[in-house]
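This report looks at how strands are arranged side by side in sheets, and at the helices that lie across them. Please follow the text with the structure open beside it.

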Amino acid sequence: MINNKVPFSRTRLATGLSVALGAMMSSTGAMAQDQNEDPNLVLETVEVVGFRASLDRAVDVKRNNDGIVDAISAEDIGKFPDTNLAESLQRITGVSIDRANGEGSRVSVRGIGPDQNLVLLDGRTLARTTGGRSFDFQNVASEMVTGVSVYKTSDASMPTGGIGSTINLLTNRPLDNRETRASVTVKGMYDESAEDSTVSPELSGIYSTKFADDKFGISISGAYSERESGSAQANVGTGWRSFTGDQDNTNSWGGVPQTGQVNRPGPNDVYSVPQTTIYKFEQQQRERFNGQLVLQWAPSDDMTATLDYNYYENSIATQSNEISAWFTFAPSENVWTDGPVSAPLIYSETYGSPADLSMAAADFANRYQGDALGFNFEWQVSDALWLEFDASQSTAERTPDSKNGSSNTLSTAAFIRTSATADFTEDLPMLAVGGGNAVLPSDMRVTGSVFGNSQDFSEVDQYQLNGNFMFSEESDLDFGVSSTKVSNHSQSVNIQRNDWGGVGAAGDLDPSLFPAKSIMDQFDSARGDFSEVGGAEVQNVYFDFDFESLRAAAEGLYTPSSFPADALVGDCGTMFCPSTQFGTDTDRLTEETTNAVYGQWNYRDDSAAMPWSVHVGLRYEETDVNSVAYSANYAGADWVADTEIVLVRDSANPLTLLVQDGSYDVLLPNINFNIDVTEDIIARAGYSQTISRPDYNSIKGGTVIGTIANRGGGSGSAGNPGLEPLESENFDLSLEWYYNDSSYASVGLFTKNLTNFIGNSIVESTVFNLPNPADGAKYDEAVAAVGSNSTDIRDYIFTNYGSDALVDPSDPYVRGVGVISGDSATDNDLVFDVTIPTNNEREETIDGVELAVQHVFGESGFGMQANYTLVNQDNEFDNYVLTPQEAILGISDTANLVGFFENDAWSARVAWNWRDKFLSATGDGTGANPTYTEAYQQIDLSISYSLPMLEGLQLMVEGYNITDEASRTHGRASQQVLSLQERGARWVVGARYAF
């Protein structure tokens, strides 16, 4: 826990801390008389609220701290500057955010990703089910928080885990309030991306009081919100396959021919080809509830006991429809960009026999729930000694919230596609499908489906004892011990039908199930026109079918009378629903226990010509990890469709067990130095060593293999409980000039030397020793006879080996349709690219500059904030290199500009946020390929008006992403789009009453 005790001699930090812990407690006395002059005199206090006041409190926290800290304060009790905490935090210098469903979700600081930033609630570690160490800010309503402090330098009292920063969320403490306070807020949100475009409610309220001569305090608060949202997406599903220029279709699956190309990549170039082109249309409904109860008792001026309980529940339901063309890597004719990193401007395949035009739907939901119970006791034992005991337990869970599971997909296809051509010249990839716009409902057949159920449970038990001993007015010692146990339990089970070649016959399904809808009407981004190949008919038709209606129809038509012994069947008795028998699939439990002890000596000289302070600390921690994992075991592989090879479970031994342990210890020094160069200028310097622990997914044991492979092989992942933490040696300099009330300018320099990186090693493994039906004698014979087209190869095997026990053509036979099973006598083993996290000897340096200015234009009511963060790293990802590379993710420059106006009645803000392009991944399902998130900017605004006829009543309007910005990711070249997502603006109208 961050040591919040401050001896009275530490005036500057004491002031800042009181602001941080009680964001609403800033008051000004109406009279300056000493109360001792008249014991009956009651001093009137005026509560200072509003955006300008919140800036003042944040400046006080920054100025009066012993390290480099930035802060955000609530404008008033129950009113934070933004409706989303992450979107407020992005206004801070060096802070950038990741968005989920268009809303702030995770936070990066100084280029260090979300998993390397530690988020605390009132100084405590929270349980989370993200799989990583990151905190999902979508789960917490901003109305529940009174302030946020972002610690960019470390001291020994801070828990470890935040190489980028330690972020502490502060909640209301009633005994810190000067008086009884309450507020109620009612809002309505209109999200332009929602298909139904309805107004969703947001309600919040808080009541805080103290009584019995201020010895008891109680605070109760709650927030409820609903949100309807959606998105239009264009994706290249499993990514792009990359090759050297000398690889082609004769020596590499997916390689392009040497002929039929315009500006084909040369032998010294690298190039990539798309696996799919997908259009996806998604709708989402969210329902969130937050609640908090705080009880405080101060039996004397020297003792305070606090019992608090926090609860959240966030239910998210998702529905989607998509249409896709999977490229089979038949000989293609393409138009290319120049090298050395080439990308197709046009990629086109033509098929000898019709391929599938796939359409799929999903309808699933998840429920995120968590709570935290904490007890804190502070005791000023004597003038010299202060002690604090804190105990907390936090739980979190993610569970399925739909009868159809936590994830699913139900696929259909029309086998009418004679060609597929994609245009990648603009932001939106364009798709032309031969025969695609002529598709009829009667063409549709049900293919494969997956009904997934997964759940995660996390619990954190934490005990902390902190203290401070004053040797003198100038010198004191912070000290403490802590123990933290984190348990993470994840389970999953999939019910998967692998009929990707289709079941039944065209015409089986009621045509009314398949209403047609336009694709292009749902996108606004720039798009190509196929002019490089003389034009083409853009695919504009898809069927927007209802998931549940089709599921029920397919279940009735295609459920067999019995199932194979190795088949997993859903709770409904068919394979068209999920299972809750989690013990039949993946089940992993990991426990991590960390014990720590720290001490920090603080010395200050306020009598010097330039007052200064120094803080020297040391923290020791030891961590033990234990992992128990059950994962699925497989006995065979079946080639069921052109691009799908499915794995067959081992019915005799369906699960494998693996138990693994790990441990490490660290010794972390720190020193912070501050000096008042003048009354208004503060210089700071800091040195520290910090760590970031491996994410929870990485330390889970066991090997998990994808149940679908292709001719190029399969993929999987394995955990490593023996991982050690990422280590950082940090240097910080800062110069801050507080030149006027509410105004300051600052410049900061930082360097982080990172070692003991955790990287992903991709190991080619023949785990389970499964014979690959697309890599053996029959396959080689077919390729020699008919070439590399999948349908032709499968047809050859069915025609010539139909009587083989491991070859099962469809009956009646349809060209290329059936199942080919692996033959251990003639086929090579299926190769999996298994991703395993490991520590390595790589060293990296991140350095950067932070520039910030906040200026208030006198008493005019106008003001502005501006900041820019420049971040650099030693090594960047080389797009020309196809082998695995290590690179730091998330490094990018960021900037913010905020203009505001406030007077007694009006408050208005316009905020612009920008983040430059950054590397977000170094591998995908097709190999060691990068993912770049392109530069993104967003403009938000907020306007409120306080009604003079009723004090405390405020009307407000808020807008987010008011210019409808889209987000986009790409691969080695900008033309290699991976995802384009368009979302509309969000508008909020509401009223707030405070009393």
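In this predicted model, strand E3 runs antiparallel to strand E8, which covers residues 147-151, and five bridges join the two. One of the pairs can be found by residue number, since valine 69 has tyrosine 151 in E8 as its bridge partner. Both strands belong to an open sheet of five strands with mixed pairing, whose order is E3-E8-E9-E6-E7. Because strand E3 (69-73) and strand E7 (124-125) each have a single partner strand, they stand at the edges, and one side of each is left without a neighbour in the sheet. Helix H2, made of residues 51-63, lies across E3 and E8, and its direction makes an angle of about 155° with E3.

Another open sheet of five strands has antiparallel pairing and follows the order E35-E31-E30-E42-E41. Its edge strands are E35 (708-709) and E41 (807-809), each of which pairs on one side only. Strand E41 is joined by three bridges to strand E42, residues 818-821, and these two strands run antiparallel. Within this pair, valine 807 stands opposite isoleucine 820 in E42. Helix H6, residues 790-801, lies across strand E30 (634-641) as well as E41 and E42, running at about 80° to E42.

The two helices are set side by side in the table.

| Helix | Lies across | Angle |
|---|---|---|
| H2 (residues 51-63) | E3 and E8 | about 155° to E3 |
| H6 (residues 790-801) | E30, E41 and E42 | about 80° to E42 |

Note on methods
Residues are numbered from 1 along each chain as its sequence is written. This is a predicted model: local features need pLDDT of at least 70, side-chain atom pairs count only at pLDDT 80 or more; totals for chains, interfaces and linings use all residues. Side-chain values use heavy atoms; hydrogens and water are left out. Two strands pair if DSSP finds at least two bridges between them. Helices (H or I, at least four residues) and strands (E, at least two) are DSSP runs, numbered from the N terminus. Contact means heavy atoms within 4.5 Å. Axes are lines fitted to C-alpha atoms, for helices over the stretch in contact, and angles run from 0 to 180 degrees between N-to-C directions.
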